[in-house]
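Q: Please take me through the salt bridges, with the reasoning behind each label.

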Amino acid sequence: MLRACGGASAAPVPALVRARLARQASSAAYAAAAGAASRSALEELAAGRKGLARVVLKKGKTQIFRDGSPMVYSGAVDRIIGRPPPKTGDVVLVADGAEKPIGWGLYNSVSMFCVRLMQLEEEATRDPTCALNMERLLEARILSAVDLRRSLGLPSVHTNAYRLINSEGDRLSGLIVDIFADVAVIASSAAWVEKYRHEIQFLVNKVSDVNHIKWRSSTDILKEEGLDVSEQKELEPSPSSHSGTVEVMENNVLYLISLEGQKTGFYADQRENRHFISTLSKGQRVLDLCCYTGGFALSAAKGGANNVIGVDSSVSALDLANKNILLNNLDTERISFVKEDATVFMKGAISRNEFWDLVILDPPKLAPRKKVLQSASGMYRSLNALAMQVVKPGGLLMTCSCSGAMTQSGLFLRTIQGAASMAGRKVTVLRQAGAACDHPIDPAYPEGQYLSNYLLRVT
C-alpha cells in the first residue's frame, strides 16, 4: 500500500488511473530517450563543458557555413549565448537560428571575422576525438598536411622548398608553414595562431627533417585581430630559431633565400610555373621582370636559354640573385641582373627597339584589397602593355598577378586584353595556371585563390 508524505495511509489508486499514469511515465521516458538521441555529437560533448558559449547565426546565413566556409563574419551573427561572454581565442559552438550546433570554432571579440570555424557537426559525429579540442585538431590537421605533401612527392631529392600548411586550404585558417630545407617558416595572421604558438611549434618541429623554426607574425593583420605582437616577437624567440639565409633546391635549381625577405622568404607557389619556363627556354633570349631573387631567370638559364636578364628594384633581392648565379655554376655571360624599375627598363628597351623571345612579368601585389582594384587594374594594364611591346612578334609572355582581389574578380584576362589593345598587339592564351599543388584551395573558400598565371603568344 502506498503511503503519503506525512506517513498516513493513502486511499487505494483505481486501476484506470494506474494504467494512465503508467502510459504517461512510458511516454515521458520515450520522449527523454528520443530527445537524447536527437542531440548532436557536439551538444553531447558541450553538455560536459561548463561556460561554452554558443554563437547563433542569423536566419538565412547558415548554409554558407554548413557548406564549409570557415570565416564567420560578424554580420552573420544574430546573438551570442553565454555568461560570461567568450574571450578571444575561446572555443565556441556555432549554431543555426534554432540554436542547434553546425560546428565549432575559435572566437575573436575584435576581428570582423568573429569565429574561425574549425570543425563541422557531421565531422564531429564521424570522429569525435578532435571535437572541441584544438590541440588534438591541430595534430590531426598537421599530420594530414604532411601526408598530402608526401603523396605529392614533397620533399624529394630534387625539391626541398614547399608549403606544408596553406591556411584555409589545409583547414587551419590564418596559419601558413613553408619548409625550406631543414627550416620551417611559420607565418601567423590570426589571433588563435598566436595563442597556440607553442603547440604549433612543437608539432611542426616533429616533421621529418625540420631542425629550425622561424616564426613570422603578420603584424598589421594581427592588429586587426586585436593583437600587438611587435614586442612579443622579441620577448619570445622560437625554439631552435633560425635567421639569416638558407640554401634550398627546387627542381634541381639552387637558391639562397633570406628568411627576412618578402612573405616567408621564397615564392614556392610559382614552382610549377618556373619549371614550365625552363622547358620553353632552350636557345631563347629571356627577360624576367620583377625577378626578386631570380626564380624564373635561374630556371630559364638552367633550361638552356642563350641569354637571360633579370630586372628588379631591390638591392637586397639582387644581391641574393647574383649569389644564386654562382651557386648554380651558371655562366655570367649568359645570365645577369639589373637594378632598375621595371617600367623604366621596359620604356628604355622600347626606345632601343630591343625584343626578347620570352618575357616573364611577375609584379608584386598591386591590389591588396577590393577597394583599390580599379586603380590596380590600370597599373596591371600599363605594365602588361609595356611587356607586350618588348616581346618579339610571335614570342611568349608569361604574365602573373598575385593579388587575390584581381584573381577572384575575374578581371585579369580582360585587363590583359586591354593591355594588348593599348600596345597595338594581339595575344592568344596558351596556358592558364595558378599556385603549385602544395597550395590547396578549399572550394568552400574561393577567396583562398590568389595567383593568376597566363602564358600568352604575342603577335
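Q: What makes Asp438 and Arg271 a salt bridge?
A: Their side chains meet at 3.0 Å, N to O. A salt bridge is a side-chain nitrogen of Lys or Arg within 4 Å of a carboxyl oxygen of Asp or Glu, so the label applies. Asp438 sits in the loop between strand S18 (427-433) and strand S19 (452-458), and Arg271 in helix H10 (residues 271-280), 167 residues apart. Helices (H or I, at least four residues) and strands (E, at least two) are DSSP runs, numbered from the N terminus. Both Asp438 and Arg271 are buried (under 20% relative accessible area, 1.4 Å probe, protein chains only).

Q: What do these values rest on?
A: The model is predicted: local features need pLDDT of at least 70, side-chain atom pairs count only at pLDDT 80 or more, and totals for chains, interfaces and linings use all residues. Residues are numbered from 1 along each chain as its sequence is written, and side-chain values use heavy atoms, without hydrogens and water.

Q: How many salt bridges does the rule give?
A: The count comes to 16.

Q: What does the salt bridge of Arg66 with Asp96 tie together?
A: The closest N and O atoms are 3.0 Å apart. Arg66 lies in helix H3 (residues 63-66) and Asp96 in the loop between strand S4 (91-95) and strand S5 (101-107), so the pair ties together parts 30 residues apart in sequence.

Q: Why is Asp96 called buried?
A: Its relative accessibility is 11%, so Asp96 falls under the 20% limit.

Q: Why is Arg79 called partly exposed?
A: Its value is 31%; exposed means over 50%, and partly exposed lies in between, so the label fits. Arg79 also forms a salt bridge with Glu99, at 2.9 Å. Asp78, Arg79 and Glu99 are linked in a network of salt bridges.
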